[in-house]
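Here are a few exercises to work through with the model open in your viewer. Try each one yourself before reading the solution.

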Amino acid sequence: KYRSLPEKLSTTMVKDKRYMRVWIVVIAMMMMGMVNARFKSIYDKQNHDNHPPASLTSPVYFFEQKLDQYDPIDKRTWKQRYTVDTSSALSNVSSPVFFFLSGEAPMEFFEFQEVQAKAWAHHFNATYIVLEHRFYGKSVPTSDFSSDNLRYLTSRQALADAAYFIEYMQETYKGPWVVFGCSYSAGLSSWLRSKYPHLVVASVAPSGPVQATLNFSGYYGQFSKSAEKNCVEAAKNATQQIMLLLSSPDGLSKVSKIFRACEEIKEEDVYMFKYTITSALGGADQMNNPPDWTLNATCDMLTQSSPDLVSNWAAIVLNGTDDCMDYSINSFISSLQSTATENQTGDRAWTWQTCVEFGYFATSYKDTSVFFPDLDVETQISWCSEIFGITNMSPDISGTNDYYGGFNLTGTNIMFTNGELDPWHLLSITHSSSDPDSSILSSTYSAGHCGTLIESSSADPSSLIETREMVREFLSSVLPK
């Protein structure tokens, strides 16, 4: 079960501001459950050309994991990838273990969101272990990603994977375990402490959306609170101009050219067009972290000296690429229907999870945001059935919240941190518990998604610095003296 398999693995290093803006949209669309494959392919090419591959910084291993954690008769297993870094530990017996749960991407993606966790591991002389999530990266339990096989992809299976892994690893690493995560995996982190308190002594859960939500209209609504007033007004005006253009054949043709559509946008593709360009602008607040402040950079592009707001918005979507954009709903659906393992980038797997458990469908209506008033939830839910071939497919929101507790999560030694500019804080826990039997803590700061975990910079606001210090104090309080 525990054997070394060193290998060279590429990792995405997102430092350049222009490419960061593209990746922000990809992250935002993945969290919402749907990824425009054409948009993502442009990012992949740009990033590959401008950022040479790097290796994971710790030795890589594979663990023999159960396929179905809830069927004692099913003895099938698969190989789950993980890393171990003992460079800061003083002893396998007494040193704490800081355990990072990867989420909806290959484990190497999260390295830029593990900087502070690794620093805290060094400070507390902890072993640092990372576990890749089933059906992402190289941790693939089944022969393909068919809907029948994806029934093994749930957060409950993932938590049971982590528990089974910890039980085995604690035979070697006997100190207290603290679990970390970021975004979806921060939710997993809090749930692991809540459901398996005998295995981990505490959880640090930055930007963890613990409240499953079908109709997440607040996602784009947050833009009006996070962006400067001139940017919000520009977005509102640009939206109205595009809506007017889309109301006539000539206008539709003009929009197709401005946004460099691969083929002229058809009437049936208008929703997907609106969905894609809204994600590019309206989701820029999610990762608005120092030093790049991507929302500010995006707003600067929208409100630049050119008075043509529609063209400015197109520049945000295209982001310097010479490639055309595919806004076809058929292309979008077909890109997510592929079941071959070699074709997977994480988008089909995460879409499955949102269609089964979480929802998170980012919508926009007349009174919820400055963007298009007809990005309804019903259309997005219908994509689930089209992609996975399951009639009337819809996420079990109530089942998820009943099982985990949603905003009413119970547990002890759990600390949430959230960026006030990040729309996902709306689905996380942003106030410390007043229940005397609970010790769920929370701290907010003036930045974006998982800001407490990224590399420090001279541009960090005081609230972010203070929140990181609160995490360090929390860790000191839950670890043995």
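**Exercise 1.** Is Trp-424 buried or exposed?

Solution. First, the ground rules. This is a predicted model, in which local features need pLDDT of at least 70 and side-chain atom pairs count only at pLDDT 80 or more, while totals for chains, interfaces and linings use all residues. Residues are numbered from 1 along each chain as its sequence is written, and side-chain values use heavy atoms, with hydrogens and water left out.

Next, the cut-offs: buried means under 20% relative accessible area, exposed over 50%, and partly exposed in between (1.4 Å probe, protein chains only). Trp-424 has a relative accessibility of 0%, so it counts as buried.

**Exercise 2.** Work out how the rings of Tyr-360 and Trp-424 are arranged.

Solution. Start with the rule: rings of Phe, Tyr and Trp (its six-membered ring) pair if their centres lie within 6.5 Å, and planes under 30 degrees apart count as stacked, over 60 as edge-to-face and the rest as tilted. That rule gives a count of 38 aromatic pairs. For Tyr-360 and Trp-424, the centres are 5.1 Å apart and the planes sit at 80°, so this pair is edge-to-face.

Now place the partners. Tyr-360 belongs to strand β9 (residues 359-362), and Trp-424 to the loop between β12 (414-419) and β13 (440-445), so to speak a link between distant parts of the chain, 64 residues apart. Helices (H or I, at least four residues) and strands (E, at least two) are DSSP runs, numbered from the N terminus. Tyr-360 is buried too, at a relative accessible area of 0%.

**Exercise 3.** Find out how α10 and α15 cross, and which residues make the contact.

Solution. Take the axes as lines fitted to C-alpha atoms, for helices over the stretch in contact, with angles from 0 to 180 degrees between N-to-C directions. The axes of α10 (residues 270-282) and α15 (residues 377-388) come within 12 Å and cross at roughly 105°. That makes α10 roughly perpendicular to α15, given that angles under 35 degrees count as roughly parallel, over 145 as roughly antiparallel, 65 to 115 as roughly perpendicular and the rest as oblique.

Then list the contacts (heavy atoms within 4.5 Å). From α10 come Tyr-271, Met-272 and Tyr-275, and from α15 Thr-379, Gln-380 and Trp-383.

**Exercise 4.** How many of the residues of helix α14 are buried?

Solution. Helix α14 spans residues 347-358, and 11 of its 12 residues are buried, so the rest of the structure largely encloses it. Among the buried ones are Asp-347, Arg-348, Trp-350, Trp-352 and Glu-357. Just past the helix, Gly-359 has a positive phi of about 75°.

**Exercise 5.** Hunt down some backbone oddities: a cis peptide bond, and a positive phi at Asn-125 and at Ser-207.

Solution. The cis bond joins Pro-290 and Pro-291, with omega about 0°; Pro-291 is in the loop between α10 and α11 (294-302). Asn-125 isn't a glycine, yet its phi is near 55°. You'll find Asn-125 in the loop between α3 (115-123) and β5 (127-131), partly exposed at 30% relative accessibility. Ser-207 has a positive phi of about 55° and sits in the loop between β7 (202-206) and β8 (213-216). At 0% relative accessibility, Ser-207 is buried.
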